[in-house]
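Take a walk through this model, from its core out to a pocket. Keep the coordinates open as you read.

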Amino acid sequence: MQAITLNQAMQSVARAQAAYTAQVKAENGYQTITTFWGDFHIADAFGAKAVRDTYRRAMAYAKTDYKAMTELVLVLNHRIWFHYGRGDQKMTALYDELWRKAQSWGRTHLKGEEFAYFYNTLD
């Protein structure tokens, strides 16, 4: 495997985030507000432990911002299908576990207009 430079890695993450942003905007008009897709893109390269750490940090942030929580759940769901499409059962299962936890947190803790945004965006 050929080593890449930090600049090449950052460009790869920026391309991945931009492609994801364009995809979800084209599919349902949603405009991303976080770098969660790129964050998990980086974590994937380092394995399950890094994915779990990224999830922990993302949840800590998202619990304070219902729109970020909504996007975290959206990104986790899309990463399930991303890894499923690649045939990676372990990462698919990991993202499914994390998605279920985040989705449950949102359903349990968000109320009123925040829950309506969460539900309507994810529906």
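The largest nonpolar core has 31 residues. Which of them touch the most other members? They are Phe 40, Val 51, Met 69, Leu 72 and Leu 76. This is a predicted model, and the contacts should be read as such. Five helices each supply at least two residues of this core: helix 1 (6-28), helix 2 (36-46), helix 3 (48-62), helix 4 and helix 5. Helix 4 gives the largest share, eight residues. In soluble globular proteins, nonpolar side chains tend to be buried together.

Now follow helix 4 itself. It has 20 residues. From first C-alpha to last it reaches 29 Å, close to the 28 Å expected at 1.5 Å a residue. Asp 65 caps its N-terminal end. There, a side-chain oxygen of Asp 65 lies 2.9 Å from the backbone nitrogen of Lys 67. Past the other end, just after helix 4, comes Gly 87 with a positive phi of about 80°.

Helix 4 also leads to the second largest pocket. Which elements give two or more residues to the lining of this pocket? Helix 4 (66-85), helix 5 (89-109) and helix 6 (112-122) do. The pocket's volume is about 170 Å³. Its lining residues divide into seven nonpolar, three polar and two charged. Val 73, Leu 74, Trp 99, Phe 115, Phe 118, Tyr 119 and Leu 122 are among them. So are Asn 77, His 78 and Gln 103. Arg 107 and Asp 123 line the pocket too.

Definitions and conventions: Residues numbered from 1 in each chain as written. Predicted model: local features only at pLDDT ≥ 70, side-chain atom pairs only at ≥ 80, totals over all residues. Heavy atoms only, no water. 1 Å grid on protein atoms, 1.4 Å probe; cavity = no way out; pocket = protein on both sides within 12 Å on 5 of 7 lines; lining within 4 Å. Points joined across faces, edges and corners; volume = space filled by probe spheres on them. Helix = DSSP H or I, 4+ residues; strand = E, 2+ residues; numbered from the N terminus. Expected span 1.5 Å × (residues − 1). Polar contact = N/O pair within 3.5 Å; in protein donor to acceptor, adjacent residues only side chain to side chain. Core = buried A, V, L, I, M, F, W, Y, C linked by side-chain atoms within 4.5 Å. Buried < 20%, exposed > 50% of the residue type's maximum accessible area, 1.4 Å probe, protein only.
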